[in-house]
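Colleague: I am new to reading protein models. Could you walk me through one, feature by feature?

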Amino acid sequence: MKIIKHLAVAAALCACASSQLKADTLVSDDFQDGNLNGWSTSGTVYPNYYYGNYSIGIQGVGSSASLAFSTQGYVNVNISLDISAYALEFGDSCIAEVSNDGGNTWVNAITLVNGQDNSALYTASSVAIDADNKPSMLIRYRTSVNQYYDYCYGDNILVTGDVDSGGGSSGGGSNDDYYDELSGNGNVNRTLLSYGTLMSGSDPGARIDLSGYALPVDAAHPQHAFAGKLTLSGEASGGSFAEHEDTYNYTGPGDNTRKHLPEFDFQFVQTGSHIFPLARGSIPSSHPNWEYVLTPGRVWQENGDNGYSRATIPFALQQRNANCMHNGIMSFLFKEDGSVSKVAYQISSETCLYFKADWWGLLSATYTPQTIAGQSQLIQDYQDEIAARLPVKPLSALASDYPGTDYSAFAAPNSTDASHISTAGFVIDGTHYRGDCVTRNGDYPYCESLVVPSYSTAKSLFAGVAMMRLEQQYPGVRNSIVASHVGDCASNGNWSDVTLNNVLDMATGNYGSSTYMEDEGATHTDNLFLVDSHASKINYSCTQYSRKATPGSQWVYHTSDTYIAGAVMNAYLQNQQGSSADIFADTVVEDLWKPIGVGPTGQYTRRTYDAVEQPFAGWGLMWLPDDIAKIASFVAIDDGKINGQQMLNAAQLDAALQRSVSDIGTVPLADYRYNNGFWAHDVAGNLSGCNGAQWIPFLSGYGGITVVLLPNDSVYYYFSDNDTYYWLEAVQEAHGIRSACQ
């Protein structure tokens, strides 16, 4: 077998004056050497010899063989292969398939069934897959049979391609990176955000349908490559603003800093048709109200843009020291010599109960091309981030993948206005079925880059999960006494018998009122949520409430308790690992989120603004949809394991998910439980065929955020902001796909 060895060199080729392409054989394997070097196998796989010819034999139930290779640096890649079969019965098949994303998705090359099993070779001469400039290609043969004596054979693999010298199918230009290459001809019929508008339009313009910011079907691959800094001018006074909800009377009829964007001065790097920011997560700002969260966007070419490339950058405004997200998009034209148009922007949706508004405008800009330190590694990291995302299908695909499913049950939970639903999704059998991202001005076109807040779902996926990780590393940590680790809680004596477990169960015995949510809704909680420093937040948390009950006996909901839990775990970890250890960065992100492929946006949490930089623990996380799908799947479907290794304490995870009869947690209401930061609701009588109590664990966040961890190895989530907390219909529909009975 031959796999070319100079791909890395080819990938580094610059744009040259000559457009001549050199044909190469990238992979060739006819198995005549009698070995399977380079192939990864599972089940019964062997070199097969038959009438003087070797092939690869794949036999029996669940057998497969795959070959990994790269086509980086090559375009016009063609893949051909042969397959044959023997002794198949009805329902059996032999399958040859190809993946261009490391095995996340597969394209069928050819499938043989009963009647095509006379050992004759069948040829797929040109597999219909985009294989140009792909770092993680796979060819796979596999069986789909029911007996050991069913046979499949593969042979004559050939992959060819032309050296990418910068010409490419987009008609030339200086962008020689064909990552996620666009195949359109550039003939875009554009009526919104035209070349003339971006070059010489006036601020503020008008709100438009967000399709004007979308990647068009006929977009051509970009000719220019962006690497450097984009700076906007006039943010403090430019643009326009329209308010829809203002519960706390933040703004009035006059001008206000909330009505304008913060200063924008950030670095971006382009790879192929993608552009991504170097700064991710909440970016500190001098603006009194807003901070940016920047996410990846797209770049393309339109014939009407007079030689400029067009870029869009998704972003969010996050309220300073809070968790609301207002999602927007920017669009502009550029050339790599630094020429740039004005930048159009629009915000038309949010996940925020108490403040809803639109922002839009057209601001002058400068583009400063720069040499970005470590650019190659940054690009590789970004491409790895995208490749690691779960396979995505629209929610509507559930109807065909699981016949009889009413996918609308997952789309908009009991909501009369879909614009209140930022996004919704369902994960089952390794696929992420995602709904539209609806706004007041059309669908958000980059749903994969939409930022959503955690609010109190962080109590589960930060505080609860962090405790389970520590308990796995340091058994008994859950019994740590609060006063022993948090000095502010030691002075009044109310915390000398309260454990970390009590705090996570909202059963400290310290409270003002046991009436449901009365303490949490009191105005004095401003002394937790609105102050900037750790000293102020922890002082409030430790001193606000007096002792009313024995720890562990009475549930009373306090976000301040979860803040204490974060401080306890941070102090405990620093005692174990040194003063620089951080419960979120080291325990949650490094140990858990990075290994399961959570992207850079999901690796951030809100922290105090002082030198302590204490993570909030009970709120303040931010995610892209892929992040929440992965994290929830790790907890509920993978049972806290990574590559088969138990990362979360199994007993505490079972308790959180109501799989332990000996530890059910506390009881907020008659048919609700709360354990280790996780809620559970008994839906007895609502799932057909189930007997007895049916405790469904779920996560809940302020304003209408829900993540449901179903016992049938599926996850349902939605992010809304209209106080919508309804998910039974979705659970019933998921139960129809596969039993959720316990």
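Colleague: Let's start with packing. Which helices and strands do the buried residues of H15 pack against?

Modeller: Packing is read from contacts, meaning heavy atoms within 4.5 Å. In this predicted model, the buried residues of H15 pack against helices H4 (398–401) and H5 (408–411), and also against strands S24 (421–428), S37 (705–710) and S38 (714–720).

Colleague: And which residues of helix H15 are buried?

Modeller: Helix H15 covers residues 728–737, and its buried residues are Ala730, Val731, Glu733, Ala734, His735 and Ile737.

Colleague: Now the whole protein. How many helices and strands are there?

Modeller: The protein has 15 helices and 38 strands. Its radius of gyration is 28 Å, and the globule rule gives 27 Å for 742 residues, so the protein is as compact as a globular protein of that length. Buried residues account for 57% of the 742.

Colleague: What share of the contacts join residues at least 24 apart?

Modeller: Take the contacts between residues at least 6 apart in sequence: 70% of them join residues at least 24 apart.

Colleague: Next, the rings. How many aromatic pairs does the structure hold?

Modeller: There are 54 aromatic pairs in the structure. To name the geometry of a pair, look at the angle between the ring planes: over 60 degrees counts as edge-to-face. Phenylalanine 264 and tyrosine 292 have planes at 90° and ring centres 5.3 Å apart, so they form an edge-to-face pair.

Colleague: Where in the chain do these two sit?

Modeller: Phenylalanine 264 is in the loop between strand S12 (240–246) and strand S13 (265–271), while tyrosine 292 is in strand S16 (residues 290–294). The two are 28 residues apart, and the pair links distant parts of the chain. Phenylalanine 264 and tyrosine 292 are both buried. They also belong to a cluster linked by ring pairs, whose members include Phe226, Phe315 and Tyr367.

Colleague: What would a tilted pair look like?

Modeller: Try phenylalanine 462 and phenylalanine 584, with 4.9 Å from centre to centre and 55° between the planes. Phenylalanine 462 is in helix H6 (residues 457–473) and phenylalanine 584 in helix H12 (residues 583–593), so this pair ties together parts 122 residues apart in sequence. Both phenylalanines, 462 and 584, are buried.

Colleague: Let me pick a glycine. Is glycine 509 buried or exposed?

Modeller: A residue counts as buried when its relative accessible area is under 20%. Glycine 509 has 1%, so it is buried. It lies in the loop between helix H8 (500–504) and strand S29 (510–511). Leaving aside residues up to four places away in sequence, glycine 509 touches Ser546, Arg547, Lys548, Ala549 and Pro551.

Colleague: What should I look for in the backbone angles?

Modeller: Look for exceptions to a general trend: most residues other than glycine have a negative phi, and most peptide bonds are trans. Here, a cis peptide bond joins aspartate 203 and proline 204, with omega about 10°. Proline 204 is in the loop between helix H2 (195–200) and strand S11 (227–232).

Colleague: And which residue other than glycine has a positive phi?

Modeller: One of them is asparagine 76, with phi near 55°. This residue lies in strand S5 (residues 74–86) and is partly exposed, with a relative accessible area of 44%. Asparagine 156 also has a positive phi, near 55°. Its place is in strand S10 (residues 151–163), and asparagine 156 is partly exposed, with a relative accessible area of 32%.

Key: Residues are numbered from 1 along each chain as its sequence is written. This is a predicted model: local features need pLDDT of at least 70, side-chain atom pairs count only at pLDDT 80 or more; totals for chains, interfaces and linings use all residues. Side-chain values use heavy atoms; hydrogens and water are left out. Helices (H or I, at least four residues) and strands (E, at least two) are DSSP runs, numbered from the N terminus. The radius of gyration is taken over C-alpha atoms; the globule rule is 2.2 Å times the number of residues to the power 0.38. Buried means under 20% relative accessible area, exposed over 50%, partly exposed in between (1.4 Å probe, protein chains only). Rings of Phe, Tyr and Trp (its six-membered ring) pair if their centres lie within 6.5 Å; planes under 30 degrees apart count as stacked, over 60 as edge-to-face and the rest as tilted.
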